[in-house]
Amino acid sequence: MSKYKQEHIWSKADDRWIFIEKEEEVLIGLNYMQGDEYESFKAHFAKNDEKLTQFANRMMHFKGDESFVEFINKVIWLYFELSNEEEKLA
């Protein structure tokens, strides 16, 4: 039987809700919403963002000694910055 886990994590330091979905300890879903409106997060962001999840999985080999959530927050900030740069170039 596979081990499935879904979490909604509030990151006060980064002012965001994070959606994390794992199966057998492998990240299979990731998303986030800036701000603390949990009902809005549950309704609109508590689901997989495929591009962000793929990006996070590619970044896993850069994870250091930080916690998984700390690492995911770094990945989200990097993804956000790269997305903004991509929009500027378009």
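Is I28 buried, exposed or partly exposed? I28 is partly exposed, with a relative accessible area of 32%. That residue will serve as our point of entry. Please keep in mind throughout that the model under discussion is a predicted one.

I28 belongs to strand 3, which covers residues 26-34. Leaving aside residues up to four places away in sequence, I28 touches Y4, E21, K22, E23, N48 and T53. As for K5, 23 residues separate it from I28 in sequence, and the C-alpha atoms of the two are 9.9 Å apart in space.

K5 leads us to the first two strands. Strand 1, residues 4-11, and strand 2, residues 16-23, run antiparallel and are joined by eight bridges. K5 stands opposite K22 in strand 2. The hairpin of these two strands has four residues between them, and D15 takes a positive phi near 50° there.

K22, already named as a contact of I28, also has an aromatic partner. The charged end of K22 sits over the ring of F68, 3.9 Å from the ring centre. A second arrangement of this kind involves R16, whose charged end sits over the ring of Y32 at 5.2 Å from its centre.

Let me now turn to the aromatic rings themselves. A pair of aromatic rings is described by the distance of the centres and the angle of the planes. The model contains six aromatic pairs. One of them is formed by Y38 and F41, which are stacked, with 6.0 Å from centre to centre and 25° between the planes. Both residues lie in helix 1, residues 38-44, and because they are three residues apart there, about one helical turn separates them. How do the two compare in accessibility? Y38 is partly exposed, at 28% relative accessibility, whereas F41 is buried, at 0%.

Another pair consists of F55 and Y79, and this one is tilted: the centres are 5.5 Å apart and the planes make an angle of 50°. Here the pair links distant parts of the chain, since F55 is in helix 2, residues 50-59, and Y79 is in helix 3, residues 68-89, 24 residues apart. F55 counts as buried because its relative accessible area of 15% is under the 20% limit. Y79 is likewise buried, at 17% relative accessibility.

Finally, I return to Y38 and F41. Together with W10 and W17, these residues form one aromatic cluster. W10 falls within strand 1, residues 4-11, and W17 within strand 2, residues 16-23. Thank you for your attention.

Methods: Residues numbered from 1 in each chain as written. Predicted model: local features only at pLDDT ≥ 70, side-chain atom pairs only at ≥ 80, totals over all residues. Heavy atoms only, no water. Phe/Tyr/Trp six-rings, centres within 6.5 Å; stacked < 30°, edge-to-face > 60°. Buried < 20%, exposed > 50% of the residue type's maximum accessible area, 1.4 Å probe, protein only. Lys NZ or Arg CZ within 6 Å of the ring centre and 35° of its normal. Pairing = 2+ DSSP bridges. Contact = heavy atoms within 4.5 Å.
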